[in-house]
Amino acid sequence: MRADRLMAILLLLQHREQVTAAEVARELEISERTARRDLDALGMAGVPVYSVQGRGGGWRLVGGARTDLSGLTAGEARALFLVAGPASAVTPAVKAALRKLVHALPEPFRVQAEAAASSLVTDPQRWGSSRAEPRPPRFLDELQDAVIRGVQVRLGYVDREGTETERTVHPLGIVAKGPSWYLVSSTEAGRRTFRIDRVSSVDPTGDPVHRPDDFDLAESWCAIADEVERRRTPHEARAMCVPHGVGVLRMGFGSRLEVGGATTDGRIEVVIRGNDEYKLAGELAGLVEWIEVTGPPGVREHLASIGNKLVERYGSDRH
């Protein structure tokens, strides 16, 4: 018996208080015989459902079908339905499931939960950028299913050079990073991360995933993201920043900024990472009001060169 079909029947019973086998069959597009068998299965599973015989009869839940199966508080219900709005990033299947779940909520929660579903618009596009919205990668659903069921998959993968390989992986979790999706897996070579839009095939093996007891997806992704950021920005510039300038640096550099302690003159030690010393100097050149770059020598030399060129080009305009 499909668990999702039984849950759908249970939600119908809560919402309508009484249903007939014919109504269940029509709603779920199954035969009346299957509907009656499912209703019987609910009772055998311990759900307090009973049948009312005769004209006007049907199936009911003990207690008038107002039991709150979700156990949600009002705040939790609102938070849950925020992700079911028209502009949310979840899949259509998730949105549909959440909208059906609202009917199982107690009456006091229902109005606010429904309002939450339409109270938030998320626009991921930056000003001036294209309106084209990225689509979920082709094999996202298959990989999510493998993670949830805990089964290994034979993964076809195309790397950035265009080389295609196959390997068996142990899916541990999926992460959305901006418009990109990543699969975190264990492999024979250790823990690896795969961009899902580069996956060319997914074939579940049926063998169970070997999941480390101490694995935590959020912690693992933080470590992965930090390592990637450091590989992308291997160069560092050290600087002294006036206290009111730290906020400016945070807005401009985000995770590339490391803030240290205060010095005897009240300024703050900072480190800013970049992928090239010249580009890093260019980013820092406009911040002379707030920072003094103390090293490395290469970045300081580029700053001096940029400064000289600015003076040559614009210094003669001064009167």
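**Notebook: aromatic pairs, a sheet and two helices**

I started with the rings and found that the structure holds two aromatic pairs. A reminder to myself before going further: this is a predicted model.

*Entry 1, the pair Tyr157 and Phe194.* I looked up the geometry and got 5.1 Å from centre to centre, with 75° between the planes, so I noted the pair as edge-to-face, since planes over 60 degrees apart count that way. Where do Tyr157 and Phe194 lie? Tyr157 belongs to strand E4 and Phe194 to strand E7, so the pair ties together parts that are 37 residues apart in sequence. I also checked the accessibility, and both Tyr157 and Phe194 are buried.

*Entry 2, the pair Tyr182 and Trp221.* Here the ring centres are 5.4 Å apart and the planes stand at 40°, so I wrote this pair down as tilted. Tyr182 sits in strand E6, while Trp221 is part of helix H8 (residues 217-232), so this pair links parts that are 39 residues apart in sequence. Tyr182 is buried, and Trp221 is buried too.

*Entry 3, the sheet.* Next I wanted the strand order. I read it as E7-E6-E5-E4-E8, five strands in an open sheet with antiparallel pairing. Which strands stand at the edges? They are E7 (190-195) and E8 (199-208); each has a single partner strand, so one side of each is left without a neighbour in the sheet. From one strand to the next, the twist averages 45°.

I then zoomed in on one pairing. Strand E4 (residues 151-158) and strand E5 (residues 164-177) run antiparallel and are joined over six bridges. Within this region I found Gly156 opposite Glu166 in E5.

What packs on the sheet? I found helix H7 (residues 140-149) there, touching E4, E5, E8 and strand E6 (180-187). The direction of H7 makes about 85° with that of E5.

*Entry 4, helices H2 and H3.* Last, I turned to helix H2 (residues 21-28) and helix H3 (residues 32-44). Their axes come within 8 Å and cross at roughly 110°. I therefore put H2 and H3 down as roughly perpendicular to each other. Which residues meet? On the H2 side I listed Ala21, Ala22, Val24 and Ala25, and on the H3 side Glu32, Ala35, Arg36 and Leu39. Sorted by class, this contact has six nonpolar and two charged residues, with no polar ones.

Notes. Residues numbered from 1 in each chain as written. Predicted model: local features only at pLDDT ≥ 70, side-chain atom pairs only at ≥ 80, totals over all residues. Heavy atoms only, no water. Axes fitted to C-alpha atoms, helices over the stretch in contact; angles between N-to-C directions. Helix = DSSP H or I, 4+ residues; strand = E, 2+ residues; numbered from the N terminus. Parallel < 35°, antiparallel > 145°, perpendicular 65-115°, else oblique. Contact = heavy atoms within 4.5 Å. Nonpolar A, V, L, I, M, F, W, Y, C, P; charged D, E, K, R; others polar. Pairing = 2+ DSSP bridges. Phe/Tyr/Trp six-rings, centres within 6.5 Å; stacked < 30°, edge-to-face > 60°. Buried < 20%, exposed > 50% of the residue type's maximum accessible area, 1.4 Å probe, protein only.
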